[in-house]
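Here is a walk through a protein model with an RNA strand, written for the bench. Have the sequence and the 3D view open as you read.

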Amino acid sequence: MKIVFFGSSKFAVESLRALLESRHEVICAITQPDREKGRGLHLGKTPVKIFAEEKGLKIYQPFRKDLKKEIDLLRSLDADMFVVVAYGLILPKEIINLPKLFCINLHASLLPAYRGAAPINWAIINNEKQTGVSIIKLSESMDAGPIISSKKIVIDKDDNAFALEEKLAHTGSKLLVDTINSIESGNYKLKEQDKAKVTFAPKLTRQSGSIDWNDKAENIYNLIRGCFGWPGAFTYYKGKLIKIIRSDWDKSRDPDYEPGQICSIQKEGIRVNAADATVVIKELQPEGKKIMSCAEFIAGHKLAKGDTFAISP
RNA sequence: CGCGGGGUGGAGCAGCCUGGUAGCUCGCAAGGCUCAUAACCUUGAGGUCGUCAGUUCAAAUCUGACCCCCGCAA
């Protein structure tokens, strides 16, 4: 099949790789335009663009408002199917109807659950024990099309967003190729999503990573895992922002201290009281510093029991 | 020219404002104590204080340029 690939983020790279290695033909990759980002606001390429350049693929980067202008170009490519994976822009109806067959979309959740931009993060934050990938036929509204195939995977207790994304990207890329093969041979069914079971996973914001020590320890632990990478779960110590990279939690709690207060300082972990139990900080990153183990942090900072991690500076 | 923090023995930090002997916690090595220990005590090794230039009798510290790392912002 002749395929046009739409994708932007790291999650999409695995799928593109799998397609290139399959017997199908990827005509070109369409990804988001380079944006000013990072310190000094330099131009940043999407992971898909970087990968596609390596592979010598033709790349198009239309702005959202220009998508409709590209219709003639897209039509001229004469594709059988458009494959959309973590592209980040909504395709207008005119484009969805262009390919000879239809458009499909790989989404990192078991639809109809977790429609939206951050299904992987939210699955972890919400303490789900399993999630998966789904392939749907693209419709006009976000992640709402009928399901063609899906695959479940378990979320390990210590998976963070990064690890789970890798697993899902891998699982998803395989399912994608298998599903395209099935579609090619006509051996597939469309199953409408159960509207009663729809849930949403909205884009995370900076503030999503803010740790509320009055929450339950397990919730904080899940937030730290789920926000790993970006936006990162954070708290404040003596006015400085501290990102919590890795943690654990257990049910013991020191009643002498309030939520947010340090109740034990050991090389193995800094224990901080939450509402009902204790969060054990293992790895962290103070602002302006690199990621460090808590043993290193302790060595350089004069921590005391009762010191407070706060919600604001 | 988006805003901001930082580069000091192997690791994490203090010292810088108010120039004048290189400091703390940890790690490492040796010895000691102990039934024993990732515990404790003693001793020790290890540093061109990011780079270059300037000011000065004297620069980790003041000035300028450059290199590298990170937080915010997306």
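## Helix 6 and its ends

Asn160 caps the N-terminal end of helix 6, with a side-chain oxygen 3.0 Å from the backbone nitrogen of Phe162. That pair is a polar contact, meaning N or O atoms within 3.5 Å; within protein, one must be able to donate a hydrogen and the other to accept it, and residues adjacent in sequence count only if both atoms are side-chain atoms. Keep in mind that this is a predicted model, where local features need pLDDT of at least 70 and side-chain atom pairs count only at pLDDT 80 or more, while totals for chains, interfaces and linings use all residues. As for bookkeeping, residues are numbered from 1 along each chain as its sequence is written, chains are lettered from A and ligands numbered from 1 in the order in which they are written, and side-chain values use heavy atoms, with hydrogens and water left out.

Helices (H or I, at least four residues) and strands (E, at least two) are DSSP runs, numbered from the N terminus. Helix 6 covers residues 161-184, and at 1.5 Å a residue its 24 residues should span 34 Å (1.5 Å times one less than the number of residues). The end C-alpha atoms are 33 Å apart, which agrees. After helix 6 comes Gly186, with a positive phi near 75 degrees.

## Around RNA strand B

There are 18 residues around RNA strand B, and Arg206, Trp230, Glu296, Ala299 and Gly300 come nearest. Being near here means having a heavy atom within 4 Å. By class, this surface has five nonpolar, five polar and eight charged residues; Ala, Val, Leu, Ile, Met, Phe, Trp, Tyr, Cys and Pro count as nonpolar, Asp, Glu, Lys and Arg as charged, and the others, Gly among them, as polar. Helix 8 (294-300) and strand 11 (240-250) each supply at least two residues, and helix 8 has the largest share with three.

On the RNA side, 57% of the strand B atoms within 4 Å of the protein belong to sugar or phosphate, the rest to bases. Lys267 has a side-chain N or O atom 3.2 Å from a phosphate oxygen. Bases are met by the backbone: a polar backbone atom of Ala299 is 2.7 Å from a base nitrogen, and a backbone N or O atom of Gly288 is 3.0 Å from a base nitrogen.

## Two domains

Chain A splits into domain 1 (2-197) and domain 2 (206-310), with bounds from an automatic or database domain assignment. Their centres, taken over C-alpha atoms, are 35 Å apart. Twelve residues of domain 1 contact eleven of domain 2, where contact means heavy atoms within 4.5 Å.

Together the domains bury about 930 Å², 47% of it on carbon and sulfur atoms. Ile125, Asn127 and Lys157 supply 48% of the area that domain 1 buries against domain 2, more than any other three residues. Buried area is the accessible area (1.4 Å probe) that two parts lose on being put together, summed over both.

## Backbone oddities

Most residues other than glycine have a negative phi, and most peptide bonds are trans. A cis bond joins Leu111 and Pro112, with omega about 15 degrees; another joins Trp230 and Pro231, with omega about 0 degrees. Asp78 is not a glycine, yet its phi is positive, about 60 degrees.
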